[in-house]
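Subject: Handover of a structure, with notes

Hello,

I am passing on the structure below, followed by notes on what turned up when I went through it. Could you read the notes with the structure open beside them?

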Amino acid sequence: MRYFSIPTPSYVLEPQKLESNLKILHHIHTQTGAKILLALKGYAFWRRFDLVQQYLNGTTASGINEARLGFEEVGGRESDKEICVFSPAYKADEITALLPIATHIIFNSFNQWQTFKSAIDTKNKQLLSLGLSPISVGLRVNPMYSEVTPEIYNPCAKASRLGIIPEEFHKYAKMYGLEGIGGLHFHTHCEQNADALKRTLTHIENHFGVYIPQLKWLNLGGGHHITRQDYDVDLLIQIIQNIKQKYNDIEVFLEPGEAVGWQCGFLIGEVLDIVYNQKHIAILDVSASAHMPDCLEMPYRPNIFKVSLDENNNEVCEQDLGEQGKYHYRLGGATCLAGDVIGDFSFDTPLCVGDRVVFLDMLHYTIVKNTTFNGVPLPSLGVIENDEFVLLKSFDYSAYKERN
């Protein structure tokens with residue numbers, strides 16, 4: 001593959017790496033019976049969801065648009081694929097649109113459940129009359145414990161709107177009962193290992209354990225960094241097996257998003273100019289603000305390498321050396337936002353106008369969050385097939401105009 005053959009900017013999927021992640025997740029399913037669902041909020045490169053169909057049990061959505069995408073591109077009830085939906089709050093028309101496609105609808109409050117209970121009950125009568133499985137209703141809980149930092153990503157931060165806290169849950173469970181509730185859902189992780197889940201489960205059981213034996217399923221949410229090299233897969237398998245043994249073979253769900261798209265593709269950009277102000281600053285056609293906002297939100301410094309051409313037109317790749325390289329550069333985007341800065345990097349050879357810069361691990365939480373801020377074009381979408389770049393989608397002026 002030649003990097004200079006790829007139009008910039010572009011997000012590029014490497015399918016063999018995606019399949020490697022999916023095989024790890026499928027292994028957990030085969031060892032435990034847990035259903036593994038792709039969280040579309042983290043990874044939604046649907047043009048290669050044929051692989052997701054092959055290895056995973058369905059999708060999990062944050063609303064009607066993601067649910068429709070999962071239904072159309074992975075499958076739903078008729079194909080034995082799950083479509084699990086959670087939203088902090090639903091509108092009536094959203095529930096109406098979800099009823100034909102969702103297998104699970106999870107509510108963030110007893111009030112929302114009671115508001116839409118009648119509509120779901122009516123739909124379930126229809127589904128049962130057709131010999132189809134009914135929609136299973138769940139409630140999201142907040143165990144008041146999470147090890148996530150920074151606060152912007154912590155679903156159990158003070159005054160969090162996500163999940164029912166124990167005090168409220170006990171009050172409303174006593175008022176309404178749990179008849180009609182199929183399971184509980186919690187999502188308290190972000191890029192964490194299995195040991196964090198083990199500690200979290202103690203809090204789940206302390207606060208909500210009395211209810212679990214009467215339920216059909218327990219959804220452990222997302223944020224489990226299962227495909228990361230140092231993740232303790234064996235411990236996760238043990239945890240799931242223990243849950244199923246303790247609670248009469250209760251069905252268990254996991255909702256990885258980032259773990260599906262982890263390290264399976266890159267974002268490539270071009271150096272447009274280099275200016276000087278106390279240090280050399282390279283301006284790229286890639287923007288932290290528009291194309292990889294987590295660089296600013298976390299914040300974090302991506303892994304990169306540069307690609308240049310030698311005198312024989314051969315591509316030469318050179319890894320970033322942190323602070324150890326001879327030539328130092330700050331990389332920034334071509335927007336007017338002063339803080340559109342990707343970070344400081346260095347190399348043993350100079351960075352030049354026209355060089356390519358490759359940002360590794362840029363297929364999750366990038367495409368799903370990118371914007372056309374400042375009219376900056378959206379990156380193209382492509383895939384590596386037989387060591388060649390194949391363009392799948394490019395974006396023109398209409399992509400900017402129609403979003404405004």
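Strand β4, helix α4 (residues 92-98) and strand β5 form a β-α-β unit that is right-handed, meaning that, with the strands pointing away from the viewer, the path from the first strand over the helix to the second runs clockwise. Helices (H or I, at least four residues) and strands (E, at least two) are DSSP runs numbered from the N terminus. Please keep in mind that this is a predicted model, in which local features need pLDDT of at least 70 and side-chain atom pairs count only at pLDDT 80 or more, while totals for chains, interfaces and linings use all residues. Residues are numbered from 1 along each chain as its sequence is written, and side-chain values rest on heavy atoms, with hydrogens and water left out.

The barrel and strand β4

Eight strands make a closed barrel in the order β2-β3-β4-β5-β6-β7-β8-β9, with parallel pairing, where two strands pair if DSSP finds at least two bridges between them. Neighbouring strands of this sheet are turned by 25° against each other on average, with direction ignored.

Within the barrel, β4 pairs in the parallel sense with β3 (residues 58-61) over four bridges, and with β5 (residues 104-107) over three. Cys84 of β4 stands opposite Thr60 on the β3 side, and its bridge partner in β5 is His104. His104 is in turn bridged to Ser136 of β6, a strand of residues 136-140 that pairs with β5 in the parallel sense over four bridges. A second right-handed β-α-β unit is made by β3, helix α3 (residues 64-73) and β4. Outside this run of strands, helix α5 (residues 110-129) lies across β5, β6 and β7 (181-185), running at about 150° to β5; such angles run from 0 to 180 degrees between N-to-C directions, and the axes are lines fitted to C-alpha atoms, for helices over the stretch in contact.

Five of the five residues of β4 (residues 82-86) are buried, so the strand is largely enclosed by the rest of the structure; buried means under 20% relative accessible area, exposed over 50%, and partly exposed in between, with a 1.4 Å probe and protein chains only. Both faces are covered, with Glu82, Cys84 and Phe86 on one side and Ile83 and Val85 on the other. Glu82 has a relative accessible area of 10%, and touches residues that include Lys35, Leu37, Asn57, Thr103, His104 and Phe253, contact being heavy atoms within 4.5 Å. Leu37 is 45 residues from Glu82 in sequence, yet 7.5 Å from it in space, C-alpha to C-alpha.

Helices α8 and α7

Helix α8 (residues 233-246) has 14 residues and reaches 20 Å from its first C-alpha to its last, close to the 20 Å expected at 1.5 Å a residue, the expected span being 1.5 Å times one less than the number of residues. Its buried residues include Val233, Leu236, Ile240 and Lys244, and what covers the buried residues includes α1 (15-32), α7 (194-208), β8 (217-219) and β9 (251-254). The axes of α1 and α8 are 10 Å apart and the two helices pack at an angle of about 35°. In this contact, Ile24, His27, Ile28, Gln31 and Thr32 of α1 meet residues of α8 that include Val233, Leu236 and Ile240.

Helix α7 has 15 residues and reaches 20 Å, close to the 21 Å expected, and α6 (166-176), β7 and α8 are among the elements that cover its buried residues.

Backbone points to check

Most residues other than glycine have a negative phi, and most peptide bonds are trans. Against that background, cis peptide bonds join Thr149 and Pro150, with omega about -5°, and Met298 and Pro299, with omega about -10°. Pro150 sits in the loop between β6 and α6, and Pro299 in the loop between α11 (294-297) and β12 (304-309).

Positive phi values occur at Glu191, near 55°, at Asn248 just after α8, about 55°, and at Asn313, about 65°. Glu191, in the loop between β7 and α7, is partly exposed at 33% relative accessibility, and Asn313, in the loop between β12 and β13 (315-319), is partly exposed at 46%.

Best regards

Notes. Lists of a residue's contacts leave out its neighbours within four places in sequence.
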